[in-house]
Amino acid sequence: MMSVASLFGAEAQAQTKQFTLEDLNFGGVNYRKFVPENRWTTWWGDELVRLDAEYCSIVDKNSGKEKTLLTIEQLKKSGLNVHSLYSATFPEAGKPIVMLTSGNQTVAYNWKTRKTLWTINMASGTQASDFCYATRSLAYVKDWQLYVAQPTAGNSAEPVSATRKLTNDGSREIVYGQSVHRDEFGINGGLFWSPDGKKLAFYRMDQSMVTDYPQVDIPDPDVTPKSGSRIAKADPDKYPMAGETSHKVTLGVYDMTTQKLVYLKAGDPTDRYFTNVAWSPDSKTIYMFELNRDQNDCRLVSYNATTGDKLQELYRETDDKYVEPQHPIVFLPWDSNKFIMQSQKDGYNHFYLCEIKNEERKTKNPNAESSQGSATNQENSSLSAPHPSLNMRQLTSGKWVVENFLGFNTKQKAIVYESNECSPIQKNIWMVDVATGKRALMDDNGKGWHNGTLSGSGQYVVDNYSTPTTPRNIAIVNAANRHHTRWLTAADPWKGYDVPEYRCGTIKAADGTTDLYYRMVMPTGFDPNKKYPAIIYVYGGPHAHNIDARWHYSSRSWETYMAQHGYLLFILDNRGSENRGKAFEQTTFRHLGDNEVADQMKGVDFLKTLPYVDSTRLGVHGWSFGGFMTINMMTTHPGVFKCGVAGGPVIDWKWYEVMYGERYMDTPQTNPEGYAQSSLLPKAKNLKDRLEIIIGGNDPTVVPQHALSFLKECIKYGTQPDFFIYPGEPHNMRGHQSVHLHERISRYFFDFLK
């Protein structure tokens with residue numbers, strides 16, 4: 001039923017030093033001492049540069065030896081007030097120019113001549129910003145208004161910039177240049193420079209029609225308010241709940257040369273999401289994916305960047321459940337008529353090579369329909385079709401997932417990427433030839449979890465990786481000959497401490513056929529003849545997973561802390577989690593929580609077969625979706641778990657935000673049965689065991705209404721959960737408060753799962 005990899009040795013049994021939460025928690029004062037050594041790098045063309053607080057150095061790609069390039073002391077002697085070089089960038093291959101951040105200034109500095117080339121100011125307190133080196137232009141948002149700044153012509157060293165204000169109506173209701181659609185669909189910003197730097201595309205989001213959620217700003221008791229008032233203030237969030245009115249998004253384009261601003265003529269923005277904005281190499285055309293509100297009909301559409309006119313629809317993909325665009329198209333550096341698109345239309349996320357035919361460049365009737373009409377859509381609920389002006393060929397295929405696009409190798413005309421082809425719990429670096437589709441493994445062992453960064457031409461990769469037994473290695477890879485130069489072999493920062501055994505294996509899902517991966521952390525000093533209490537840590541939701549083939553199988557440090565106190569930890573990635581293909585992820589559609597809980601209970605069944613697990617002492621803990629799962633498991637299967645801790649739990653999906661909630665559940669109006677069945681409110685009466693609910697008092701993600709409503713139902717039914725709140729905190733506790741949080745979680749198990 002399972003395969004087990006054990007990392008436990010005689011030496012570990014003899015270790016006696018104990019960890020504290022200050023050592024293991026990311027907010028702890030000693031945490032950095034217990035993280036494997038790392039090195040920060042950037043590329044200067046094909047030259048590898050190591051970044052440090054005090055210096056930058058060139059790294060020899062064949063030997064790993066370093067030579068100092070510039071120092072912070074040198075910069076200070078040139079009059080620059082730079083505090084660290086970790087953020088330095090080198091924009092032009094072969095030219096001794098470094099881009100630096102100095103306070104609110106962006107500085108271009110020539111380290112050969114030791115002169116500042118130009119400086120551009122950015123106002124303090126900006127809400128978003130993006131710099132374009134091609135035209136030395138900075139776009140930023142301050143006080144809700146959008147600005148563009150450039151160095152003053154003819155006086156490039158003077159720290160004064162020419163600034164243009166592009167908008168006047170910005171506010172918390174009219175939002176410019178920032179992330180929209182609540183960071184869904186791969187969106188993480190709202191400013192998009194054209195390749196030539198002469199045009200700026202930006203999001204405009206009108207959320208005036210979205211209901212405010214009434215958050216409260218409680219004054220710091222140690223600080224006297226300037227107003228003199230001690231009364232808490234309203235601090236509302238714009239929060240569109242599932243099935244309710246959402247915001248309107250449009251995409252504007254500002255021309256730096258003509259100083260004209262247009263908006264893309266995309267039609268009514270109320271029924272669609274606009275995402276994954278991309279520019280053509282000639283800076284004349286904008287491409288973006290347009291997704292209907294039901295999120296089951298996705299179209300790639302092109303627009304004239306000068307006039308805003310719609311050119312045409314190039315591709316359409318539908319699904320009877322949902323389509324989820326996450327990545328913009330990327331044009332080939334050697335052929336401006338071809339681009340790479342990612343899609344999981346065949347069941348797994350893969351690359352597709354698309355070629356634009358010449359007729360696409362002609363302006364089309366913006367009201368013209370795609371050649372794939374609604375009749376075709378009705379005949380095939382999983383339609384995936386390019387427009388006749390687009391040739392399309394699948395580049396990668398198989399029952400595995402392309403996870404990250406790293407870039408292009410321009411010499412070999414190939415794509416460098418990361419995927420889990422080797423194993424569902426691995427991530428390895430690969431290269432695929434665009435012409436032939438032939439793939440080649442780039443990393444040096446085909447094992448573990450690899451993170452790559454690509455040089456300017458794609459000829460070299462920095463491979464930063466770990467394995468279950470390796471804290472961290474860094475290698476420099478030559479794509480031409482696959483030569484690997486080991487640059488760092490990190491020491492084990494936990495050496496000398498009482499480290500538990502970490503295991504990984506598989507069990508069958510509730511469907512009886514699907515393999516699910518688990519991690520198990522054994523109590524330190526494990527004795528198979530004893531019985532131990534066990535804690536299930538759970539997340540279980542989409543776009544996340546817990547088990548990787550990296551150091552300690554990606555175990556959270558808190559698990560080690562609890563293992564040190566005699567608990568066995570069990571973590572299972574159920575169906576619905578990420579990187580296992582579309583069918584695996586979509587099994588939860590319209591009924592979040594059902595199959596996920598069923599799979600987790602198979603994990604409970606597995607634990608009960610282990611002679612060293614005390615099945616009368618089982619606990620469960622999770623945060624966010626994991627908080628939802630914790631309460632769901634305890635109230636669906638009362639009596640199984642002696643206690644649990646649910647952090648930031650979703651209680652009823654009708655109170656969650658539009659984009660995420662409607663993707664997986666449809667709307668409360670169209671899926672009332674699914675919403676009713678997934679709600680935890682009716683299950684409040686089933687609570688029999690010790691449960692603590694913990695939330696951030698100003699959580700903008702899972703708003704406090706969830707937890708408070710569940711408490712109200714518990715009062716009605718006479719059940720008795722415990723409750724703790726972190727005043728003023730968001731969805732996750734920040735800084736040292738995280739240590740307090742994990743101490744509280746730990747104490748709950750110490751008290752009730754002895």
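**Close-up views of a predicted model**

**View 1. Ala134 and its surroundings.** Ala134 counts as exposed, because its relative accessibility is 52%, which is over the 50% cut-off for that class. The model shown here and in the other views is predicted. Ala134 sits in a loop, with strand S9 (128-132) on one side of that loop and strand S10 (137-142) on the other. When neighbours within four places in sequence are set aside, the residues in contact with Ala134 are Pro195, Asp196 and Gly197. Arg164 gives a further reference point: 30 residues separate Ala134 from Arg164 in sequence, and their C-alpha atoms are 18 Å apart in space.

**View 2. Glu313 in strand S25.** Strand S25 spans residues 310-318 and includes Glu313. The relative accessible area of Glu313 is 8%, and Glu313 is therefore classed as buried. The side chain of Glu313 makes a polar contact with the side chain of Arg299, at 3.0 Å.

**View 3. Two cysteines, Cys56 and Cys422.** The search for disulfides covered the whole structure and returned 0. Cys422 is partly exposed, at 35% relative accessible area. For Cys422, the closest cysteine sulfur belongs to Cys504, and the 15 Å between the two sulfurs is too far for a bond. A disulfide would need the sulfur atoms within 2.5 Å. Cys56 has a relative accessible area of 0% and is buried.

**View 4. The open sheet S2-S3-S4-S5.** Four strands make up this sheet; their order is S2-S3-S4-S5 and their pairing is antiparallel. Strand S2 (40-44) and strand S5 (66-71) are the edge strands, each pairing on one side only. From one strand to the next, the twist averages 30°. Between S2 and strand S3 (residues 47-51) there are 5 bridges, in the antiparallel sense. Trp44 has Glu47 of S3 as its bridge partner. In general, the strands of a sheet are held in pairs by backbone hydrogen bonds, and the pairing may be parallel or antiparallel.

**View 5. Strand S42 and its pairing partners, S40 and S41.** Strand S42 covers residues 568-572, and 5 of its 5 residues are buried. Both faces of the strand are covered: one carries Leu568, Phe570 and Leu572, the other Leu569 and Ile571, all buried. Strand S40 (residues 515-521) runs antiparallel to S42 and is joined to it by 4 bridges. In that region Met520 stands opposite Phe570 of S42. Strand S41 (residues 532-537) is also joined to S42 by 4 bridges, but these two strands run parallel. Here Tyr537 is the residue opposite Ile571 of S42. The connection from S41 to S42 passes through helix H5 (residues 557-564), giving a β-α-β crossover that is right-handed.

**View 6. Helix H5 and the residue Gly566 just after it.** Helix H5 is largely enclosed by the rest of the structure, because 8 of its 8 residues are buried. The buried residues of H5 are Ser557, Trp558, Glu559, Thr560, Tyr561, Met562, Ala563 and Gln564. An α-helix has 3.6 residues a turn, so residues three or four places apart point the same way. Gly566, just after H5, has a positive phi of about 95°.

Technical notes:
Residues are numbered from 1 along each chain as its sequence is written. This is a predicted model: local features need pLDDT of at least 70, side-chain atom pairs count only at pLDDT 80 or more; totals for chains, interfaces and linings use all residues. Side-chain values use heavy atoms; hydrogens and water are left out. Buried means under 20% relative accessible area, exposed over 50%, partly exposed in between (1.4 Å probe, protein chains only). A polar contact is a pair of N or O atoms within 3.5 Å; within protein, one must be able to donate a hydrogen and the other to accept it, and residues adjacent in sequence count only if both atoms are side-chain atoms. Contact means heavy atoms within 4.5 Å. Two strands pair if DSSP finds at least two bridges between them. Axes are lines fitted to C-alpha atoms, for helices over the stretch in contact, and angles run from 0 to 180 degrees between N-to-C directions. A crossover is right-handed if, with the strands pointing away from the viewer, the path from the first strand over the helix to the second runs clockwise.
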